[in-house]
Amino acid sequence: MKKDTIMVIGAGQMGSGIAQVSAQAGYNVYMYDVSPEQIEKGMKRISGQLFRQAEKGKLPHEDVKQIYQRLSPSAALDEAREAFLIIEAAVEQMDVKKDIFTRLDEVTEDSAILASNTSSLSITELAAVTKKPQNVIGMHFMNPVPVMQLVEVIRGLETSGETYETVVAAAERMNKVPIEVRDFPGFISNRILMPMINEAVFALYEGIAEKESIDGIMKLGMNHPMGPLALADLIGLDTCLYIMETLHEGFGDDKYRPCPLLKQYVSAGRLGKKTGRGFYTYEKQPT
């Protein structure tokens with residue numbers, strides 16, 4: 001195990017962003033995904049991001065190559081044994097994450113930290129499928145990762161102080177601001193954000209205002225950089241629905257009931273920017 005090596009599980013938008021900021025912080029990074037095509041897309045995404053930063057003068061051109069050389073595409077989960085920190089950024093589904101953590105527990109060193117980028121799921125429940133629950137923690141990065149400063153750090157019931165301190169130090173080295181929260185559904189960010197988005201969907205569903213008006217009021221009246229419906233499209237309506245269902249199930253309170261319109265859009269495949277259509281229409285993202 002190497003103290004300068006991180007593995008990121010998942011090469012999608014979040015995973016590639018985490019891999020990028022880790023490499024920029026000086027870590028050697030394995031970026032793992034089950035899909036070779038997704039790994040290729042992730043590497044291209046990082047290359048493009050670094051180049052744009054250099055073009056804008058935010059990053060010296062000579063640093064781009066060095067940062068990129070710290071990144072290693074990986075199709076072998078066994079390479080996680082070399083990392084002191086493994087950050088899982090797979091799809092937001094508990095069964096998928098449990099499977100990953102079970103497999104990681106078998107191939108990683110006893111002192112390796114297993115972190116999840118989950119935005120709503122229980123860290124304690126994830127930790128329970130491993131033999132080292134004291135090493136399991138949540139690191140919830142915000143999207144887009146290279147831009148947003150916050151990392152929610154979520155301790156599970158068994159998470160040790162040493163694990164917490166190590167993760168805080170790693171987040172700070174990535175130039176992020178780690179803020180600790182307790183292990184409750186949605187943590188803080190999505191416990192507040194997702195009901196606001198859901199309420200905006202209800203306002204549209206009930207015909208109170210058009211989507212442009214709802215977003216315009218929140219942008220101009222509340223100084224939000226993006227309206228809640230446009231933000232839902234950016235996050236992905238399927239992800240928004242899953243988080244609302246997690247909150248509804250976790251708290252048993254109908255104030256978290258997902259709007260029927262949100263469910264209908266997801267059933268229709270209107271998932272937001274990634275499919276080209278959500279509440280708004282977009283140029284479809286390449287698959």
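Okay, a definition before anything else: when I say a helix lies across some strands, contact means heavy atoms within 4.5 Å. And the angles I quote run from 0 to 180 degrees between N-to-C directions, with the axes fitted to C-alpha atoms. One more caveat before we look: this is a predicted model.

So, with that in hand, helix α6. That's residues 161-173, and α6 lies across β4, β5, β6, β7 and β8. Against β6, helix α6 runs at about 25°. For those of you following along in the viewer, β4 is 83-88, β5 is 113-116, β6 is 136-141 and β7 is 150-155.

Those strands belong to an open sheet of 8 strands, and the order is β3-β2-β1-β4-β5-β6-β7-β8, with mixed pairing. Which strands sit at the edges? That would be β3 and β8, the latter at 177-182, and each of them pairs on one side only. As for twist, neighbouring strands in this sheet are turned by 25° against each other on average, if you ignore direction.

Quick reminder for the next bit: strands of a sheet pair through backbone hydrogen bonds, either parallel or antiparallel.

Let's stay at the β8 end. In which sense do β6 and β7 pair? Antiparallel, over 5 bridges. If you want a spot to click on, M139 stands opposite V153 in β7. Then β7 and β8 pair in the parallel sense, over 6 bridges. There, R155 has R182 of β8 standing opposite. To get from β7 to β8 the chain goes through α6, our helix from the start, and that β-α-β crossover is right-handed.

While we're around here, have a look at the loop between β6 and β7, which is where P144 is found. The peptide bond from N143 to P144 is cis, with omega near 0°. 

Now swing over to the β3 end of the sheet. Strand β1, residues 2-9, pairs with β2 in the parallel sense over 5 bridges. Two places to click on: T5 has N28 as its bridge partner in β2, and V8 stands opposite M31, also in β2. Put helix α1, residues 13-24, together with β1 and β2 and you get a right-handed β-α-β unit.

On its other pairing, β2 goes with β3, residues 71-74, again in the parallel sense, over 4 bridges. Y30 is the one standing opposite S72 in β3. Then there's helix α2, residues 36-55, which lies across β2 and β3 and runs at about 165° to β3.

So how many of the residues of β2 are buried? It's 4 of the 5, for residues 28-32, so β2 is largely enclosed by the rest of the structure. The cut-off behind "buried" is under 20% relative accessible area.

Okay, leaving the sheet, a helix pair. Two packed helices are described by the angle between their axes and the distance between the axes. Take α7, residues 189-205, and α11, residues 260-267: their axes come within 8 Å and cross at roughly 90°. We call anything from 65 to 115 degrees roughly perpendicular, and α7 and α11 are therefore roughly perpendicular to each other. Who's touching whom? From α7 we have N198, V201, F202, L204 and Y205, and they meet P260, L261 and L262 in α11. By type, that contact divides into 7 nonpolar residues, 1 polar and no charged.

Last stop, a few single residues. M94 is in helix α4, residues 94-107. With a relative accessible area of 12%, M94 is buried. What does M94 touch, leaving aside neighbours within four places in sequence? L121, S122, E125, L126 and Y242.

And then two residues with positive phi that aren't glycine. F187 has phi at about 55°, and F187 lies in the loop between β8 and α7. N223 has phi at about 60°, and N223's place is in the loop between α8, 211-222, and α9, 228-235. Buried or exposed, then? F187 is buried, at 3% relative accessible area, while N223 counts as exposed at 69% relative accessibility.

That's my tour, thanks everyone.

Note on methods: Residues numbered from 1 in each chain as written. Predicted model: local features only at pLDDT ≥ 70, side-chain atom pairs only at ≥ 80, totals over all residues. Heavy atoms only, no water. Buried < 20%, exposed > 50% of the residue type's maximum accessible area, 1.4 Å probe, protein only. Pairing = 2+ DSSP bridges. Right-handed = clockwise from strand over helix to strand, strands pointing away. Parallel < 35°, antiparallel > 145°, perpendicular 65-115°, else oblique. Nonpolar A, V, L, I, M, F, W, Y, C, P; charged D, E, K, R; others polar.
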